[in-house]
Amino acid sequence: MLRLAWRNLWRTPGRSLTTGGVVALVVFLSLVFLSVYAGAFDAFFRLLLERTGHLVVRVEGYEEKEDLESLAFAPPALPLPSGARVEGVVEGGCLVLAGERSRYAVVTGLEPAGLARQKNLLKAGRLPEAPGEALLGEALAQALRVGLGDEVVAYAPGGLGLGVYAFRVVGLLDLPETHLEARTLVVPLADAQALLAPGRVTRLEVRLEGLGLYDLKPLEELKAALKPHLQGLVAETWLEANPIYAAILPLYDTVMALYVGVFFLLGGLILLNALYLSLVERVREFGLLAALGLTGRRVMALVFWESLLLVGVFALVGLGAGLLVHLELADGFRLPLPQWILEQYREFGLPEVLYGRLSLKEILLTLGYAVGTGLLAALWPGWLASRLEPVEAMRYVP
Amino acid sequence: MPILEAKGVRKVYRGDGVETEALRGVDLALEPGEFTALVGPSGSGKSTLLHLLSGLDLPTEGEVWVGGVALSRLSRSERARFRLERIGLVFQAYNLLPVLTALENAAFVLELRGLPRPERERRAMEALAALGLREKAGRFPRQLSGGEQQRVAVARALAAEPLLVLADEPTANLDSKTGLALIERMKILNEEKGVTFLFSTHDPRLLEHVRRIVRLEDGRIVGEERR
């Protein structure tokens with residue numbers, strides 16, 4: 001039957017190519033869609049991870065505390081695995097003054113590695129390289145009517161630090177959220193500590209090497225190992241540190257699963273229709289085979305082998321094409337969307353450049369889905385052909 | 001002992017609440033090596049009778065025996081296997097498989113029986129050669145004329161060396177010259193190899209070549225002539 005099925009397919013190239021083309025197209029589009037979907041998903045959370053680090057250490061009960069004295073702490077020595085980096089951050093409220101203008105802002109003090117990560121957000125100028133240099137949100141700069149090279153003064157009296165510190169604006173930041181951009185002042189960590197709390201930080205960010213994006217188990221283990229060394233402090237995973245995003249994670253997953261489900265359903269219906277029509281028009285031919293002596297079981301076997309071969313071969317063609325496009329996407333791609341839609345994406349924290357991702361599971365899922373649908377489509381015409389008396393089948397009009 | 005026997009065969013088609021009696025009690029027996037024509041006007045029940053005699057369909061009443069086997073006692077699969085092993089069928093509309101060459105079509109039944117390729121191709125080629133189609137063995141049905149396609153269909157039936165060949169108006173779509181040539185070929189095979197033939201026709205020019213004529217009208221055998 002296998003040889004007969006293969007010969008039937010090989011000798012009807014038009015029919016095989018038309019039906020197989022649909023199979024290849026559905027597999028190809030499914031893989032590209034899954035690659036883009038995973039890429040968008042990853043981008044969103046990679047950005048989040050980049051902002052917070054794998055683990056965040058803060059004062060216990062920080063959610064309820066507001067004053068800097070309660071939130072700032074001297075960084076303890078932590079037993080971390082090799083390759084792990086710890087960065088201190090100081091964050092506090094201040095008044096930013098420029099001439100006769102002033103605005104409330106949040107001053108963030110970062111270590112050089114933290115400052116380097118702001119490069120993607122840099123709209124103009126450069127990153128701070130020396131004490132007294134600062135990055136200003138573009139909206140804040142506009143409100144204060146200052147530009148690159150101008151001087152601003154951060155004023156935060158009543159704290160542990162100097163309470164006042166002058167900065168030269170060396171760069172302007174373009175943040176996704178405009179309201180945040182209007183309150184952003186980023187400076188070297190030592191300057192922020194001098195202004196707000198000498199020798200202290202408001203959080204520690206722990207970054208680990210060689211850890212997968214969704215690899216949370218090692219983080220939980222490290223968190224548990226650090227606990228005895230955190231007197232009055234608490235360590236959280238990057239998802240725990242972002243409870244709002246963590247809360248929408250299942251929703252995001254559900255919505256995207258719905259998109260994938262709808263896409264698969266539509267693709268499956270197209271596939272089902274193409275295969276079904278190509279078989280149902282051959283019921284008369286199957287009737288002839290039965291008249292010549294092929295049993296119903298062998299007719300069904302023929303139909304199944306044909307479908308399996310057709311779907312299998314063309315699914316592999318679709319897989320090859322899909323993987324080629326995926327390799328391109330994995331190197332980074334921009335969504336081909338109008339600028340105003342991209343702006344909306346940025347508001348949700350999605351970068352313009354995404355990186356496609358496909359796992360073996362998704363590839364097998366797509367191939368399994370295509371083959372399963374192909375066999376399902378063969379079921380009815382095959383069963384029909386095997387059940388009809390040969391005379392009825394040879395007279396069958398679809 | 002007859003190679004084919006039908007006793008009290010009735011066939012009633014039911015559809016949309018209407019009953020149509022296509023055969024009204026047919027009794028027929030064929031001895032081995034007979035070359036018989038079944039004649040009658042359109043709608044007389046010739047095709048229906050051939051379908052029942054070949055086990056493609058089952059009678060509403062009565063019984064059909066082929067080689068001593070009662071067809072209605074076989075399951076659908078058993079009847080299919082029985083046709084494969086014992087009966088050669090030739091249809092009015094040729095019914096060749098379009099994806100197969102003339103040789104492959106002629107060898108198809110043997111392929112289904114599981115014969116090795118060299119053996120089945122040898123026998124199919126012999127059958128094609130006997131019908132004057134040796135040179136066209138590699139052609140597909142679309143590359144053959146109607147007469148050639150019908151001869152391939154006959155070759156398919158003969159290559160399998162069945163007990164009997166049942167042919168439903170094998171010359172209906174052929175011009176008279178081609179039709180006569182085909183009948184002559186079938187007759188030669190009947191005489192040389194002893195294959196039993198029963199074919200339906202309403203073409204009176206072909207009847208002078210047969211040794212027995214069975215007349216069917218309104219689903220009944222109304223006359224028989226032996227020569």
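Start by selecting Gly267(A), which sits in helix α9 (residues 243-280) of chain A; helices here are DSSP runs of H or I with at least four residues, strands are runs of E with at least two, and both are numbered from the N terminus. You are looking at a predicted model, in which local features need pLDDT of at least 70 and side-chain atom pairs count only at pLDDT 80 or more, while totals for chains, interfaces and linings use all residues. Residues are numbered from 1 along each chain as its sequence is written, and chains are lettered from A and ligands numbered from 1 in the order in which they are written.

**Stop 1: around Gly267(A)**

Is Gly267(A) buried or exposed? Gly267(A) is buried, because 22 other C-beta atoms lie within 10 Å. The cut-offs are 20 or more other C-beta atoms within 10 Å for buried, 12 or fewer for exposed, and partly exposed in between, with C-beta atoms placed from the backbone. Now add Val26(A), Leu29(A) and Ser30(A) to the selection: these are the contacts of Gly267(A) once neighbours within four places in sequence are left aside. Two residues are in contact if their C-beta atoms, placed from the backbone, lie within 7 Å. For a distance label, pick Ile363(A), 96 residues from Gly267(A) in sequence and 15 Å from it in space, C-alpha to C-alpha.

**Stop 2: α1(A) against α11(A)**

Next, show α1(A) and α11(A), whose axes come within 8 Å and cross at roughly 55°. Axes are lines fitted to C-alpha atoms, for helices over the stretch in contact, and angles run from 0 to 180 degrees between N-to-C directions. That angle makes α1(A) oblique to α11(A); angles under 35 degrees count as roughly parallel, over 145 as roughly antiparallel, 65 to 115 as roughly perpendicular and the rest as oblique. The crossing is right-handed, meaning that the near helix is turned clockwise from the far one by less than a right angle, whereas an anticlockwise turn would be left-handed.

To see the contact, select Leu2(A), Leu4(A), Ala5(A), Trp6(A), Asn8(A) and Leu9(A) in α1(A), then Leu302(A), Trp305(A), Glu306(A), Leu309(A) and Leu310(A) in α11(A). Coloured by class, they divide into nine nonpolar, one polar and one charged. Ala, Val, Leu, Ile, Met, Phe, Trp, Tyr, Cys and Pro count as nonpolar, Asp, Glu, Lys and Arg as charged, and the others, Gly among them, as polar.

**Stop 3: where the chains meet**

Bring both chains into view. How many residues does each chain give to the contact? Chain A gives 16 residues and chain B gives 15 residues. On chain A, the elements that supply two or more residues are α1 (2-10), α10 (283-292), α11 (296-330) and α14 (390-395). The largest share, four residues, comes from α10(A). By class, this side of chain A has seven nonpolar, five polar and four charged residues.

Keep α10 of chain A on screen and add helix α2 (residues 76-86) of chain B, whose buried residues are Arg79(B), Ala80(B) and Arg83(B). They lie on the same side of α2(B), because they cover an arc of only 105° around the axis; the arc is that of the directions from the helix axis to the C-beta atoms. The buried residues of α2(B) pack against α10 of chain A together with β6 (87-90) of chain B.

**Stop 4: α5(B) and its partners**

Move to helix α5 (residues 146-159) of chain B, which packs with helix α4 (residues 117-130) of chain B at an angle of about 130°, their axes 8 Å apart. α4(B) and α5(B) are therefore oblique to each other. The residues to pick are Arg123(B), Ala124(B), Ala127(B) and Leu128(B) of α4(B), with Ala155(B), Leu158(B) and Ala159(B) of α5(B).

Then swap in helix α3 (residues 102-113) of chain B, which packs with α5(B) at an angle of about 30°, with axes 7 Å apart. This pair is therefore roughly parallel, and its crossing is right-handed.

**Stop 5: Val165(B)**

Finish at Val165(B), in strand β7 (residues 164-168) of chain B. With 24 C-beta neighbours inside 10 Å, Val165(B) counts as buried. Neighbours within four places in sequence aside, Val165(B) is in contact with Gly88(B), Val90(B), Ala157(B), Leu158(B), Val195(B) and Phe197(B).
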